[in-house]
Amino acid sequence: MGCAHLKYISMRFVSLVLWLCWRELKKNYAILVLLVLVVAGLNLTTVIHQDHQARQVPALPEEVLDTRLVGVSKDQIYKERLQYVKSECRNSKNGSVDKVFRHDNLHLAYCPVAKVGSTFWKRVFIFLHNDTGTIPVKSPFDIPRVFVHYGKKNKTQVSPLDELTKKTIFGNYTRFMFARDPYSRLWSAYLDKFFLPDFWRSFALHITRQRHDSTIEARKCGSDVSFSEFLQYVVSLVPENMNEHWQPIQYRCDPCQFKPNIIGKQETFGDDSRYILQGIGEGWIMNEFDQNAHVEEELSMLIDYNFRLIAKSRFYRNCTSRVDIARRLWQVFQLNGYLPIEETAESVVNKLSKTFFDRDMFKRYVLKVYRQTPAEERRGWKQQRKEAIIGAYKTVPLKLIKSITKLFSNDFELFGYDTAPPDKRDA
């Protein structure tokens, strides 16, 4: 029997008792006591009923609270984000816009920011322009990542934010961009470009050669840059001339100049992308998106790219090895929440090195571990990612944190991110 039905019966019963008590009240004072008890019992029943209903409302996962607040529509969320940016633009210092992707038939304009889902959206624009050359594709996710970044495009519209572009897109276009917590973006750039060897022969060497006690190996290879050293290097630069992977968004896609009417966030990327695509009648694209396939592609791409560095460059052959690359990749996959923390990188390379060790063998093993792990356990890997970034920022001196918040102050303010580092937020 439901709680609502029980409450109805209780009300009818109390009405009958009240009538009887009123008739007999003058005859027997004991009934007055009974009346008080019955009313108190009804109040208790109501409280229990309300508590029961409250317990039946499921708790929302922390990562989706931003786009699924009770009683707040998505339209309202994007409106509030824009209002916040517009209010902050009054105090914003000089910024710039690097380039704009356009689709004039769909009246769509996108301002890309590295490390904030830009590969996803570049794929979408290439697909919508049917600009994949001889590569047959049925959805944006069929386009190889290498082609997205390095392939020749003939139709995709990319332009600077000059007067002609402004005149085109500042009318009835949907203009959008994505932002990301600066702390998270910097950590991601460090893992991809410094812990892994991509930038060893350029930026990393510059860092290690500035050390007073730098070893010969470090001066030759740049293979041991710490996270704090990377951050110290970033804050020493002129922001206008930084590499796009860690340049403040203000200098890549200043919202005060681009004037977006939708601002997405990395933290709610799926919901925000779906909203944008549905708005231009292309919502089916997100239905084609497979999260597991996306992760497997990310794993495969990073393995292929980093092993290819050794094959193509004598510098990398002299500074690292296939085993070292595999060890670093495994650790990055764990830190990013793609693989379980229980199996160490050292145990993996020792297991695989018993026979001939190569890229394909390592890739097969990584994908096997990912695919064989139950979905419920994979969801638990998100905690690894959170703990990794908290642990990383615990090693960073407070003075350096203050320099980061100053350099990225506009990003924090414009997009509403907490200036406290990840380890201080939990505390």
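At what angle do the axes of helix H18 and helix H19 cross? Keep that in mind while you load things up, and remember that this is a predicted model.

**The whole chain**

Start with everything in cartoon. You should have 23 helices and 5 strands on screen. Colour by burial if you can: of the 427 residues, 48% are buried. Among contacts with a separation of 6 or more, 72% join residues 24 or more positions apart.

**Stop 1: H18 and H19**

Select residues 345-352 for H18 and 359-372 for H19. Here's the answer to the opening question: the axes cross at roughly 125 degrees, coming within 11 Å. That angle falls outside both the 65 to 115 band for roughly perpendicular and the over 145 band for roughly antiparallel, so the two helices are oblique to each other. The crossing is right-handed.

Now show side chains. From H18, pick Val348, Lys351 and Leu352; they meet Met361, Phe362 and Tyr365 of H19. By class, this contact has 5 nonpolar residues, 1 charged and no polar ones.

**Stop 2: H17 and H18**

Keep H18 and add H17, residues 322-335. This pair packs at about 140 degrees, with the axes 9 Å apart. H17 and H18 are therefore oblique to each other, and their crossing is right-handed.

For the side chains, select Val323, Ala326, Arg327, Trp330 and Gln331 on H17, then Ala345, Glu346, Val348 and Val349 on H18. The tally for this contact is 6 nonpolar, 1 polar and 2 charged residues. Leave Val348 highlighted for a moment: it meets H17 here, and it also appears in the contact with H19.

**Stop 3: the two sides of H21**

Move on to residues 398-407, helix H21. Which of its residues are buried? Select Leu400, Ile401, Ile404, Thr405 and Leu407. Look down the axis: these residues span an arc of only 165 degrees, so they sit on the same side of H21. The spacing makes sense, because an α-helix has 3.6 residues a turn and residues three or four places apart point the same way.

Turn to the face pointing away from that buried side and you'll find the exposed Leu398, Lys399, Lys402 and Lys406.

What do the buried residues of H21 pack against? Bring up H7 (182-195), H10 (227-235), H20 (375-394) and H22 (409-415); those are the four helices to show.

**Stop 4: Phe176**

Next, select phenylalanine 176 in strand S4, residues 174-179. Its relative accessible area is 0%, so it counts as buried. Draw a distance from its C-alpha to that of asparagine 261: the two are 85 residues apart along the chain, yet the separation is 6.1 Å.

To see what surrounds the side chain and backbone, skip the neighbours within four places in sequence and show the remaining contacts of phenylalanine 176:

- Leu108, Ala109, Tyr110 and Cys111 are among them.
- Trp121 and Phe125 are also in contact with it.
- Phe258, Pro260, Ile262 and Ile276 complete the list.

**Stop 5: His129**

Finish in the loop between helix H4 (118-128) and helix H5 (145-150), where you'll find histidine 129. Is this loop residue buried or exposed? With a relative accessible area of 11%, histidine 129 is buried. Again leaving out neighbours within four places in sequence, show its contacts: Arg102, His103, Lys155, Thr156 and Gln157.

How values were computed: Residues numbered from 1 in each chain as written. Predicted model: local features only at pLDDT ≥ 70, side-chain atom pairs only at ≥ 80, totals over all residues. Heavy atoms only, no water. Axes fitted to C-alpha atoms, helices over the stretch in contact; angles between N-to-C directions. Parallel < 35°, antiparallel > 145°, perpendicular 65-115°, else oblique. Left-handed = near helix turned anticlockwise from the far one by under 90°. Contact = heavy atoms within 4.5 Å. Nonpolar A, V, L, I, M, F, W, Y, C, P; charged D, E, K, R; others polar. Buried < 20%, exposed > 50% of the residue type's maximum accessible area, 1.4 Å probe, protein only. Arc of directions from axis to C-beta.
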